Amino acid sequence: MLDLDGYSLPQIIDDIIDKQIEDGLIQPDVREQISFILLRKHRHQTKKPIHRSLVDIGKSSTTSSGHAQSRSMNDIADTPSTDQLKNKFKKKIPRDSEASNILVGEVDFLEKPFVAFVRLLQPTMLGGLTEVAVPTRFIFILLGPQGKGKSYS
């Protein structure tokens, strides 16, 4: 999706999922689960390998009845965290820099990969998604079936 007019991570994810359902790439019944996984807090690569943290999130994403849990304090924040604002790395980043975010993981509810590439119309602050408080321009998402995680890293 190119030139998506996104203003928040939940809105961007909803637009991505809507487009994939419209194009017949995913079934509507996985909408809530995909949204739940992508809006969860994650760890940045410097703290723990990202493929492992999304895998861990995927394993705990569904309740025993198979329905996605409601949004909670474990969701990605809409505003930058104190850690992001105080990150020493921020001083080394040029003033007009933009971020690209890559989210990769495996989940137990997909039979084939869910892949999306998004270029935002305007760089947008997406809260806790980035390690440093920098506006995002590009987002790449790859969620796949369990057992394929190593091939995604």
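Student: What pattern does the protein follow, read along the sequence?
Tutor: This is a predicted model, and along the sequence the protein goes β-α-α-α-α-β-β-β-α.

Student: Ok, and how many helices and strands is that?
Tutor: The protein has 5 helices and 4 strands.

Student: Let's look at α1 and α2. At what angle do they pack?
Tutor: About 145°, with the axes of the two helices 10 Å apart. Helix α1 covers residues 9-22, and helix α2 covers residues 31-38. The crossing of α1 past α2 is right-handed.

Student: Which residues make the contact?
Tutor: From α1 you get L9, I13, D14, I17, D18 and I21. On the α2 side there are R31, I34, S35 and L38. Sorted by class, that contact has 6 nonpolar, 3 charged and 1 polar residues.

Student: Those α1 numbers often jump by three or four. Why do residues three or four places apart point the same way?
Tutor: An α-helix has 3.6 residues a turn, so residues with that spacing point the same way.

Student: Back to α2: why is it largely enclosed by the rest of the structure?
Tutor: Because 6 of its 8 residues are buried. Those are Q33, I34, S35, F36, I37 and L38.

Student: And what share of the protein's residues is buried?
Tutor: Buried residues are 44% of the 153 in the protein.

Student: New topic: how much area does the protein expose?
Tutor: About 9,100 Å², and 51% of that comes from carbon and sulfur atoms.

Student: Last one, what about contacts between residues 24 or more positions apart?
Tutor: Among contacts with a separation of 6 or more, they account for 74%.

Conventions:
Residues numbered from 1 in each chain as written. Predicted model: local features only at pLDDT ≥ 70, side-chain atom pairs only at ≥ 80, totals over all residues. Heavy atoms only, no water. Axes fitted to C-alpha atoms, helices over the stretch in contact; angles between N-to-C directions. Left-handed = near helix turned anticlockwise from the far one by under 90°. Contact = heavy atoms within 4.5 Å. Nonpolar A, V, L, I, M, F, W, Y, C, P; charged D, E, K, R; others polar. Buried < 20%, exposed > 50% of the residue type's maximum accessible area, 1.4 Å probe, protein only. Areas by Shrake-Rupley, 256 points an atom, 1.4 Å probe, with all protein chains shown as cover.
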